[in-house]
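Student: I have a model open and would like to test the labels people put on it. Can we take them one at a time?

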Amino acid sequence: VPRTSVRLHRRLLKAVTAAPLASLVSTDTGVMLNRFSQDMSLIDMRLPGAMIQTLDGFLDAIAEVVLIAQSSPWTALTFPPIMFIVYILQKFYLHTSRQIRHLDLEAKSPLFSSFLETCDGIATIRGFGWQENFRQLNMHLTDESQKPFYLMYSIQCWLTLVLNLIVMGIVVVLVVLAIEMRSTSGGALGVALNNVSAISATLAYVIEAWTSLETSIGALARLKSFESETPSEHLPQECYNPTSAWPSEGRIKFVDLALSYR
């Protein structure tokens, strides 16, 4: 993991330092800073843990399902439709969470740009007495950057509610089968109920870990696209090495020059 992080950071830094001036001017500073801060943090700190958590939660869910099926075999008949519901649920939640995470990253770029511009122009801001205007602008950008976070918290609460309703349905089926079929022992019923009560948290853990893994992989994809889409000044035809006497003279000549603001 450390070797991969260093290699990715070196490739990102190489893409920025080799970019022409026109590309650096046209790219928002906050977006570029976001690549080095938010995206690299997701790759360095969240991606390895998300991989381990996804595998751990998946194995825990399999173990709990096996114990429930062994304690109450008839309950296992409800697992295929429940797995289908969970698959549709995680697919919907994954798409929504991925977009919210993307909005979260994009919403922080103007805030970073405002910080940098304020630090660079602090003398001018104080000279013209614009402190209150920039404070209001900073508070507005801070509020905007927090909106995706609250939306993410809301959909996580929704996910927990839906998973608890699914588990409630399993408990109802399990208790009905235990009442109708007297062959189920009390110990087996206790084991099944204990695992049913725990599987809700396990499923939520698996879905959130999988979503975190997908988000981190999305950050890796953004870094790759940034590296491939950023032009480089080191072109193949630029292989001429000037002599030690260069430049012998200097002259600037403008012929049919056209300028435009980008």
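Tutor: Start with the second largest pocket of this predicted model. About 180 Å³ of space lies in this pocket.

Student: What makes Arg-46 and Thr-215 lining residues of the second largest pocket?

Tutor: A lining residue has an atom within 4 Å of a pocket point. Arg-46 and Thr-215 are on the list for the second largest pocket, and so are Tyr-93, Gln-156 and Glu-208, among others. Helix 3, helix 4 and helix 7 each give two or more residues to this lining. Helix 7 has the largest share, 6 residues.

Student: How many residues of each class are in that lining?

Tutor: There are 3 nonpolar, 6 polar and 3 charged residues. Tyr counts as nonpolar here.

Student: And what lines the largest pocket, by class?

Tutor: Its lining has 12 nonpolar residues, 2 polar ones and no charged ones. The volume of the largest pocket is about 340 Å³. Phe-58, Met-83, Val-86, Leu-203 and Val-206 lie nearest its centre. Helix 3 (29-71), helix 4 and helix 7 (186-229) each supply at least two lining residues.

Student: Why are helix 4 and helix 6 called roughly antiparallel?

Tutor: The axes of helix 4 (residues 79-120) and helix 6 (residues 131-180) cross at roughly 170 degrees. The cut-off is over 145 degrees. Helix 4 and helix 6 therefore count as roughly antiparallel. Their axes come within 9 Å. The contact has 25 nonpolar, 8 polar and 4 charged residues.

Student: What makes the pair Glu-227 and Arg-11 a salt bridge?

Tutor: The N to O distance is 3.0 Å. The limit is 4 Å, for a Lys or Arg side-chain nitrogen and an Asp or Glu carboxyl oxygen. The pair qualifies as a salt bridge. Glu-227 is in helix 7 and Arg-11 in helix 1 (residues 2-17), 216 residues apart.

Student: Why is Glu-227 called partly exposed?

Tutor: Its relative accessible area is 29%. Buried is under 20% and exposed is over 50%. Glu-227 therefore falls in between, as partly exposed. Arg-11, at 41%, is partly exposed too.

Student: How do you know that Lys-147 and Glu-144 form a salt bridge?

Tutor: Their closest N and O atoms are 3.0 Å apart, and the limit is 4 Å. Both residues lie in helix 6, 3 residues apart, about one turn of the helix. Lys-147 is partly exposed at 46%, and Glu-144 is partly exposed at 32%.

Student: What makes Glu-249 and Arg-251 count as a salt bridge?

Tutor: The N to O distance is 3.9 Å, set against a limit of 4 Å. The pair counts as a salt bridge. Both Glu-249 and Arg-251 are exposed.

Conventions. Residues numbered from 1 in each chain as written. Predicted model: local features only at pLDDT ≥ 70, side-chain atom pairs only at ≥ 80, totals over all residues. Heavy atoms only, no water. Axes fitted to C-alpha atoms, helices over the stretch in contact; angles between N-to-C directions. Helix = DSSP H or I, 4+ residues; strand = E, 2+ residues; numbered from the N terminus. Parallel < 35°, antiparallel > 145°, perpendicular 65-115°, else oblique. 1 Å grid on protein atoms, 1.4 Å probe; cavity = no way out; pocket = protein on both sides within 12 Å on 5 of 7 lines; lining within 4 Å. Points joined across faces, edges and corners; volume = space filled by probe spheres on them. Buried < 20%, exposed > 50% of the residue type's maximum accessible area, 1.4 Å probe, protein only.
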